[in-house]
Amino acid sequence: MTQSHPRISKAVIPAAGLGTRFLPATKATPKEMLPVVDKPAIQYVVEEAVSAGLDDVLMITGRNKRPLEDHFDRNYELESALQKKGDAGRLAKVQESSDLATMHYVRQGDPRGLGHAVLCAAPHVGQEPFAVLLGDDLIDPRDPLLKRMVEVQEQRGGSVIALMEVAPEQIHLYGCAAVDPTEDGDVVKVHDLVEKPAAADAPSNYAIIGRYVLDPAVFDILRKTEPGRGGEIQLTDALQQLSQDEKPGGPVHGVVFKGRRYDTGDRGDYLRAIVRLACEREDLGPDFRTWLRSYVAEEMQQR
């Protein structure tokens, strides 16, 4: 019999990274503000949190991240100009981002890894379970991963991580989970976690992707967690401790995701994400797909 646990209402989005893989574009523009079609990547992430019922959003930022705050704030001059032009469509799009959620911001003054970024959220989160969404992973709204994770956490307690099966040669790019099945086909029990293991050392091909629902006990562990891989405080190391049944705040379960995920943290995948999402848009898709087919055909002929 499942047990009911406290309702989750808060989401944390770490957004203090420098975005070095996208230089020089990110020299003066936060990587989270790079557009995916006509909307910044970060807005997709906030929309996902809100769709899962989490309308209290804390963004962990750093220097040069002020455009993130501006994007989710009102822009009265722009709104007034659009209103005078009678451009109701664009006015609605501009106002949409400022009406999405109750937004909060805190700076990660010393960027010491994802675990440290999550720890910066402790004063805001308090003793409530909360979600963490990484901005490089965009989850298609037709595949509601976070909503499912919240359901699992409310039923089972502890913490819940998102897992996805990847090819063995790719597992070194991710945190990796050792798991046991449960009575729910898409839920597994996690009993060990390893950050970016070599393929030969990986306990499975279940990779951790950028969605977490965490028990607040993780904060006490993070405060004591020493820097790990890359000299950073790794969230995976703290979750590894929570996965032990005796630990307060455990256990750790994983939701195995088989839906559509767009990785915007890599330049190639970023471009592929734009193409895929543009092709699926009702207003852009038909013309864009026609052009894309023609372009690919021409390229194939030239080869």
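In the predicted model, the side chains of arginine 281 and aspartate 283 are joined by a salt bridge whose closest N and O atoms are 2.9 Å apart. Arginine 281 has a relative accessibility of 23% and therefore counts as partly exposed, whereas aspartate 283, with a relative accessible area of 52%, is exposed. This pair belongs to a wider set of charged contacts, for which the count comes to 21 salt bridges.

A salt bridge also links glutamate 32 with lysine 65, with an N to O distance of 2.8 Å. Glutamate 32 is situated in the loop between β1 (10–14) and β2 (35–36), and lysine 65 in the loop between β4 (56–61) and α2 (66–71), so that the pair ties together parts 33 residues apart in sequence. Both glutamate 32 and lysine 65 are buried. Arginine 156 and aspartate 184 form a further salt bridge, the closest N and O atoms lying 2.9 Å apart. Because arginine 156 belongs to helix α7 (residues 145–156) and aspartate 184 to the loop between β9 (175–181) and β10 (187–195), this pair ties together parts 28 residues apart in sequence. Aspartate 184 is partly exposed, at 26% relative accessibility. In addition, a network of salt bridges links Arg21, Lys31 and Asp136.

The strands on either side of the loop that holds aspartate 184 form a hairpin, with five residues between β9 and β10. Their pairing is antiparallel and extends over seven bridges; within it, aspartate 180 has lysine 189 of β10 as its bridge partner. Strand β10 also pairs with β12 (residues 252–256), again in the antiparallel sense, over four bridges. In this second pairing, valine 187 stands opposite valine 255 of β12.

In soluble globular proteins, nonpolar side chains tend to be buried together. The largest nonpolar core of the model comprises 44 residues, and the residues with the most contacts inside it are Ile13, Val46, Met59, Leu133, Leu145 and Val213. Helix α1 (residues 41–51) contributes six residues, the largest share of this core. A second core, separate from the largest, has 34 residues, among them Phe130, Val190, Ile221 and Ile233. For leucine 145, contacts beyond its neighbours within four places in sequence are made with Ile139, Ala162, Ile209, Arg211, Val255 and Phe257. One of these partners, Val255, is the residue of β12 that stands opposite valine 187.

Conventions: Residues are numbered from 1 along each chain as its sequence is written. This is a predicted model: local features need pLDDT of at least 70, side-chain atom pairs count only at pLDDT 80 or more; totals for chains, interfaces and linings use all residues. Side-chain values use heavy atoms; hydrogens and water are left out. A nonpolar core is a set of buried Ala, Val, Leu, Ile, Met, Phe, Trp, Tyr and Cys residues joined through side-chain atoms within 4.5 Å. Buried means under 20% relative accessible area, exposed over 50%, partly exposed in between (1.4 Å probe, protein chains only). Helices (H or I, at least four residues) and strands (E, at least two) are DSSP runs, numbered from the N terminus. Contact means heavy atoms within 4.5 Å. A salt bridge is a side-chain nitrogen of Lys or Arg within 4 Å of a carboxyl oxygen of Asp or Glu. Two strands pair if DSSP finds at least two bridges between them.
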